[in-house]
Every structure is written in structure tokens, then in C-alpha cells.
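I opened the notebook to record side-chain contacts. The entries follow the order in which I looked them up.

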Amino acid sequence: MPAIILIPLLFLAASPQAMPAMDHVPVACPAKAVPLPAGLEGWIRKRPSRAGATVKAATTLPLGTSVTATLLPTLALTYAVRPGKPGTPANSGGMFVFNVPDYGRYRVALGASAWIDVLSGKSPATSVAHSHGPDCTGIRKMVDFDLKPGRYLLQLAGNTAPTLSLMIVRVPSD
């Protein structure tokens with residue numbers, strides 16, 4: 001009788017509905033550092049930074065400079081606009097501002113899968129591309145936005161750790 005029960009359970013365990021979605025399969029990384037794509041070379045030189053809890057306290061991020069940001073607990077944040085995925089009270093987030101000097105495509109690179117909102121005032125920018133970072137670089141997520149010159153607010157939400165590596169760069173044109 002136990003064998004009869006075991007067979008359906010094995011079938012259920014192998015079915016796609018029972019298995020977690022795997023959006024990125026980890027690879028074995030070489031001991032030598034993997035070269036970063038054009039525009040992301042600054043990722044390896046991180047400087048410390050602190051996220052702001054409000055729009056007025058948002059920290060300025062220079063383009064092309066990678067930071068290891070200390071984030072704040074979700075309950076300590078007052079977002080300009082409710083994030084699309086705010087996370088749980090156990091998560092962390094924060095706010096940063098950055099200046100776009102010229103019209104173009106800009107990429108937000110993160111070392112984790114936190115939620116990203118880029119706002120001009122209270123208007124969210126529409127993302128135009130999403131991807132994983134290059135394997136073995138520490139970049140987990142990249143989101144691109146076509147932005148015009150101006151000042152933007154970067155809201156981060158739902159990060160599972162109190163720190164996060166991040167960087168904003170202009171995407172090199174082909």
C-alpha cells in the first residue's frame with residue numbers, strides 16, 4: 001500500500017505547479033573576476049551610502065557610482081508614491097535622488113531583487129527593459145528607463161536585507 005501512495009506523490013512533486021518558479025539558474029563562477037559590460041565598470045568600486053526615509057531626506061546618487069546602501073525598515077519609510085510591491089514590515093527600502101543631464105536610456109542595477117520605482121515628481125517612469133545582471137558579477141537585477149533631463153526619485157522597496165548594492169548608469173548607445 002505505501003508504494004501506491006508514493007507514486008502519486010512523486011508525480012505531484014515533479015509537476016510544474018508543485019515546483020517553485022526558477023527565474024535564474026545560478027552558475028559556478030570562476031575564481032578570476034568576470035569583466036563587466038560597458039558602462040557598469042564602476043560596480044566593483046562601491047562606496048557606502050544611506051537611504052533616505054522620505055523624499056526630502058533622499059540621498060543623492062551620482063550616475064556611474066556604485067554604492068552599498070544602508071536601507072531602512074519598511075515601517076520607517078514615507079514613500080512619495082506607494083511602491084508597486086512594498087514588501088513586508090520585515091523588509092527594507094529607501095529613497096535616493098539622481099540627476100539626468102541628457103535624454104537617454106538609464107539603467108538601475110541592483111545586487112538583489114528589490115522593487116524599483118523611478119519617479120519624476122509623483123509620476124512613475126515606465127521601465128523599457130528588465131534583465132538579470134551578468135553572471136558572476138554580483139548584479140542581480142537591471143531595469144532600464146528612457147528619461148529626459150531632470151531630477152528623479154529612486155524608491156527601493158521589499159529588500160530582504162538591510163543593505164543593498166546599487167548603481168545608476170546611462171546605457172551606452174550602440
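**Aromatic rings**

I looked for aromatic pairs and found a count of 1. The model I am working from is a predicted one.

I then noted the geometry of the pair. The ring centres of Phe98 and Tyr152 are 5.7 Å apart and the planes stand at 25°, so I entered the pair as stacked. The cut-off I needed for this step is that planes under 30 degrees apart count as stacked.

Where do Phe98 and Tyr152 lie? I found Phe98 in strand S5 and Tyr152 in strand S11, which covers residues 150–159. The two rings therefore tie together parts that are 54 residues apart in sequence.

Are the two residues buried or exposed? Phe98 has 1% relative accessibility, so I wrote it down as buried. Tyr152 is buried too, with a relative accessible area of 6%.

**Salt bridges**

Next I turned to charged side chains. How many salt bridges are there? The count came to 3.

*Entry on Arg107 and Asp144.* I found a salt bridge between Arg107 and Asp144, with the closest N and O atoms 2.7 Å apart. Arg107 belongs to strand S6 and Asp144 to strand S10, so this salt bridge ties together parts 37 residues apart in sequence. I checked accessibility and recorded both Arg107 and Asp144 as buried.

*Entry on Asp146 and Arg105.* I found that the side chains of Asp146 and Arg105 form a salt bridge, at 2.7 Å from N to O. This pair links distant parts of the chain: Asp146 sits in strand S10 (residues 141–147) and Arg105 in strand S6, 41 residues apart. At 32% relative accessibility, I put Asp146 down as partly exposed. Arg105 is partly exposed, at a relative accessible area of 33%.

*Entry on Asp102 and Arg170.* I found that a salt bridge joins the side chains of Asp102 and Arg170, with 4.0 Å from N to O. I placed Asp102 in the loop between strand S5 (92–100) and strand S6 (104–110), and Arg170 in strand S12 (residues 163–170). The two residues are 68 residues apart, and the pair links distant parts of the chain. For Asp102 I noted 42% relative accessibility, which means that it counts as partly exposed. Arg170 has 39% relative accessibility, so I listed Arg170 as partly exposed.

Technical notes: Residues are numbered from 1 along each chain as its sequence is written. This is a predicted model: local features need pLDDT of at least 70, side-chain atom pairs count only at pLDDT 80 or more; totals for chains, interfaces and linings use all residues. Side-chain values use heavy atoms; hydrogens and water are left out. Helices (H or I, at least four residues) and strands (E, at least two) are DSSP runs, numbered from the N terminus. Buried means under 20% relative accessible area, exposed over 50%, partly exposed in between (1.4 Å probe, protein chains only). Rings of Phe, Tyr and Trp (its six-membered ring) pair if their centres lie within 6.5 Å; planes under 30 degrees apart count as stacked, over 60 as edge-to-face and the rest as tilted.
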